[in-house]
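Student: Please take a close look at one part of this chain, the sheet. I would like to know how its strands are arranged and what packs against them.

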Amino acid sequence: MAKSMRMCELQFYPEDGWTLEKIKELCLKYSTVNEYAMINHDKDVDIDGKPKKAHIHCMLRFTSPLPTEQLLSMFPGLKVSKIEKIKGRWADAVAYLTHLNAVGKYQYSKAEVLANFDITEAIEDRLPNINEIIERCAKGEIRHYNMSKEVPAVMLAKNYQIIERACRIYQDN
């Protein structure tokens, strides 16, 4: 467990009395919480297709690094094992709330996320712009062998012909 963190994910269980509103109230109580976004995952299933126990994911970004002990005091009853430092990008953590970046999992609606910022804008910040993808294909930076790694699947599916033409520009030069 990290000693202090700027961003973290917390996990709560409704069966323990946690609700989105209760968590929101606690977030609003502390000025150290700069941004929050949370969702109730009540439609997840395990690898056998059986429903998982409902749980709430809460992503927090702080104004300055926050010690774990202070976080525990802000959310009474929260277990240390349910705190995880966000090591990647904030936008990716926010995207996970809807499973946008978790193919094969239930895709939650952005409307189900309770946040104090525009999550659509935050999520779009993580996705490359189609014009950037076209430019990179035309320069040969994105080729067929690395396309699935460099281009998000949804973007590729929606823009396949355009991306293919851009790749041909590189091949023809």
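Tutor: What follows describes the sheet, strand by strand, and then the helices that lie across it. The model is predicted. Its chain has 7 helices and 5 strands, and along the sequence these elements follow the pattern β-α-β-β-α-β-α-β-α-α-α-α. The 5 strands form an open sheet, with antiparallel pairing and the order β4-β1-β3-β2-β5. At its edges are β4, residues 83-85, and β5, residues 114-115, each of which pairs on one side only. In general, strands of a sheet pair through backbone hydrogen bonds, in either a parallel or an antiparallel sense.

At the β4 edge, the partner is β1, residues 4-12, and this antiparallel pair has 3 bridges. Within it, I83 of β4 stands opposite L10.

Two helices can be placed relative to the sheet. Helix α1, residues 20-29, lies across β1, β2 (33-41), β3 (55-67) and β5, and runs at about 170° to β2. Helix α3, residues 90-97, lies across β1, β2 and β3, with an angle of about 160° to β3.

For the chain that carries this sheet, the C-alpha trace spans about 65 × 40 × 25 Å along its principal axes. Of the contacts with a separation of 6 or more, 68% are between residues 24 or more positions apart. Buried residues make up 39% of the 173 residues. The chain exposes about 10300 Å², and carbon and sulfur atoms supply 50% of that area. As for charge, the mean positions of the 25 positive and 24 negative charges are 4 Å apart.

Terms used. Residues are numbered from 1 along each chain as its sequence is written. This is a predicted model: local features need pLDDT of at least 70, side-chain atom pairs count only at pLDDT 80 or more; totals for chains, interfaces and linings use all residues. Side-chain values use heavy atoms; hydrogens and water are left out. Helices (H or I, at least four residues) and strands (E, at least two) are DSSP runs, numbered from the N terminus. Buried means under 20% relative accessible area, exposed over 50%, partly exposed in between (1.4 Å probe, protein chains only). Contact means heavy atoms within 4.5 Å. Accessible areas come from the Shrake-Rupley method with a 1.4 Å probe; for residues, only the protein chains shown count as cover. Lys and Arg count as positive and Asp and Glu as negative; His and the chain ends are not counted. The place of a charge is taken as NZ of Lys, CZ of Arg, CG of Asp or CD of Glu. Two strands pair if DSSP finds at least two bridges between them. Axes are lines fitted to C-alpha atoms, for helices over the stretch in contact, and angles run from 0 to 180 degrees between N-to-C directions.
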